[in-house]
Amino acid sequence: MNLRTVLPLSAIIAATGLAALAVSAGAAPPAPAGDQSFKQRCQMCHALTPGGASGPLAPNLRGVVGRKAGSTAFKTYSPALKGSSIVWNAAKLDAYLAAPGKTVPGTRMVIAVSDPAQRKAIIAYLATQR
Ligand code: HEC
């Protein structure tokens, strides 16, 4: 391939790439709000109150971003999560919420969030709950 064929090709790729971007920007559904998603998908098990006790089902998630996994007063953590030595940051939370049992084999949390945009919104919301 010589320069004369490479240049127009790359111009076409750039142009169609831009067109695809414009289409997806127009068609993308609005991302669900993190607080709403938390209420719908997490709150039945997880408390999120400042200084609050953990519920009977799951640990309190207030301040979870930056915290060591399995470190609240919640009584029935799995040994797997307690011994995981994870410190929760956005990337770790994203992996855990996408596939809890793959990220921490033996965890007792079975709820997964398959939509990356919804995970991102929930994690951003959790990061504000310090
Ligand atoms: C059916 C109950 C249930 C639901 C719903 C649930 N979880 Fe959990 N979650 C748990 C349990 C139980 C644990 C403790 C797991 C363990 O000890 O292995 C846990 C642990 C966690 C942890 C680790 C906490 C820590 O102290 O290390 C995070 C983070 C978490 N869940 C996030 C979420 C999010 C975000 C949602 C909503 C998308 C959610 N969970 C929905 C039951 C639930």
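In this predicted model, Gln-118 is in contact with Pro-32, Ser-37, Arg-41 and Val-113 once its neighbours within four places in sequence are left aside. One of these partners, Ser-37, is also joined to Gln-118 through a polar contact between the two side chains, computed at 3.1 Å. Gln-118 belongs to helix 6, which spans residues 116–128, and the residue counts as buried because its relative accessibility of 11% falls under the 20% cut-off.

The ligand, for its part, sits in the largest pocket, where 26 residues surround it, the closest being Cys-42, Cys-45, His-46, Ser-78 and Met-109. Classified by residue type, this shell comprises 19 nonpolar residues, together with four polar and three charged ones. With respect to secondary structure, the most is given to the shell by helix 4 (residues 90–98), which supplies three residues.

Several side chains place polar atoms at short computed distances from the heteroatoms of the ligand, as follows. His-46, which is listed among the closest residues, has a side-chain N or O atom 2.7 Å from a nitrogen atom of the ligand. Oxygen atoms of the ligand are approached by two further side chains, with a polar atom of Tyr-77 lying at 2.5 Å from one such oxygen and a polar side-chain atom of Trp-88 lying 2.9 Å from an oxygen atom of the ligand.

Technical notes
Residues numbered from 1 in each chain as written. Predicted model: local features only at pLDDT ≥ 70, side-chain atom pairs only at ≥ 80, totals over all residues. Heavy atoms only, no water. Near = heavy atom within 4 Å. Polar contact = N/O pair within 3.5 Å; in protein donor to acceptor, adjacent residues only side chain to side chain. 1 Å grid on protein atoms, 1.4 Å probe; cavity = no way out; pocket = protein on both sides within 12 Å on 5 of 7 lines; lining within 4 Å. Sits in = over half its atoms within 2 Å of the grid points. Helix = DSSP H or I, 4+ residues; strand = E, 2+ residues; numbered from the N terminus. Nonpolar A, V, L, I, M, F, W, Y, C, P; charged D, E, K, R; others polar. Buried < 20%, exposed > 50% of the residue type's maximum accessible area, 1.4 Å probe, protein only. Contact = heavy atoms within 4.5 Å.
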